[in-house]
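Please look through the structure below with these notes beside you, taking the points in order and finding each residue as it is named.

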Amino acid sequence: MHKLSRPSQPVELAQAKRSYTGNISQDEAWKAFDKNSAREALRIAQNGLCGYCESMLTQTTRIDHFEPKKHHYALTFDWDNLVLSCDEKDSCDCKKGGNFNNYWINPYVTDPTGMFKFYADGQVQGLSVDAQNIIEDFGLDCPSLETKRKGVLSTLQHTLFALLDEPEALAYFLQEEADMFPTAYQQIIHNTIGV
Ligand SMILES: [Zn+2]
């Protein structure tokens with residue numbers, strides 16, 4: 001997870017929020033809503049990554065209500081409550097489900113820097129009790145995510161070690177940005193070569 005900046009609210013969402021008075025259920029109202037503009041705005045803001053696990057989004061994304069819309073009808077079309085999530089069955093939106101805890105952090109609101117420690121073998125550790133609970137509640141340590149992170153991060157670490165004696169090539173390599181797991185990627189670079 002990393003801090004995200006929320007773009008301006010899509011017109012369609014603002015209209016839906018204004019006209020929805022709780023007259024039909026939250027689920028029905030959300031199902032009937034054309035989510036394309038909200039989905040695209042979030043996809044761009046999140047650089048094509050899941051807002052929670054930072055894996056690459058596929059065609060099948062989910063717009064997560066950070067706080068479940070069943071808590072209050074006004075949460076249904078509340079732009080500040082929406083995060084674009086992957087559809088991994090063991091993590092993120094699917095894992096959160098209809099649950100909610102006050103210690104959870106919305107990456108559009110709270111900067112998670114310093115909360116999670118990533119390892120080149122794909123594991124992640126919470127650096128506080130809350131952070132460890134978030135990892136479990138969001139499934140950020142599920143086997144499929146660990147395997148995906150391991151693939152990216154162990155390759156990264158091998159490349160860094162191989163380039164340690166070639167400063168120019170290393171500097172060139174470091175200009176490249178991670179196309180997924182950017183938080184973990186930056187941590188491995190920092191922990192391996194100290195920049
Ligand atoms: Zn995810």
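The numbered points below go from the whole chain to its core, and then to one strand and one helix.

1. Please keep in mind throughout that this is a predicted model. The protein has eight helices and four strands, and when these are read along the sequence they follow the pattern α-α-α-β-β-α-β-β-α-α-α-α.

2. As for overall dimensions, the C-alpha atoms of the protein fill a box of roughly 65 × 30 × 25 Å, taken along the principal axes. Of its 195 residues, 25% count as buried. Among contacts between residues at least 6 apart in sequence, 70% join residues that are at least 24 apart.

3. The largest nonpolar core contains 31 residues, and C50 and C53 are the ones that touch the most other members. Two or more residues come from each of the elements α3 (36–45), β2 (82–85), β3 (116–118), α5 (129–138), α6 (143–163) and α8 (182–193), and α5 gives the most, with four residues.

4. Which residues does C50 touch, not counting residues up to four places away in sequence? They are S55, L57, S85, C86 and C92, and one of these, S85, is also among the buried residues of β2.

5. Strand β2 deserves a careful look, since both of its faces are covered: L82 and L84 are buried on one side, while V83 and S85 are buried on the other. This fits the general rule that in a regular strand the side chains alternate between the two faces of the sheet. Strand β1 (residues 62–65) pairs with β2 in the antiparallel sense over four bridges, and within this pairing D64 stands opposite V83.

6. Helix α5 has a buried side and another that holds exposed residues. Its buried residues are A131, I134, I135 and F138, and because they cover an arc of only 100° around the axis, they lie on the same side of α5. The general background is that an α-helix has 3.6 residues a turn, so residues three or four places apart point the same way. On the other side of α5, V129 and E136 are exposed.

7. What do the buried residues of α5 pack against? Their partners are α4 (92–96), β3 and β4 (124–126). Finally, just after α5, G139 takes a positive phi of about 65°, which can be checked by following the backbone past the end of the helix.

Methods. Residues numbered from 1 in each chain as written. Predicted model: local features only at pLDDT ≥ 70, side-chain atom pairs only at ≥ 80, totals over all residues. Core = buried A, V, L, I, M, F, W, Y, C linked by C-beta atoms within 7 Å. Buried ≥ 20, exposed ≤ 12 C-beta atoms within 10 Å, placed from the backbone. Contact = placed C-beta atoms within 7 Å. Pairing = 2+ DSSP bridges. Arc of directions from axis to C-beta.
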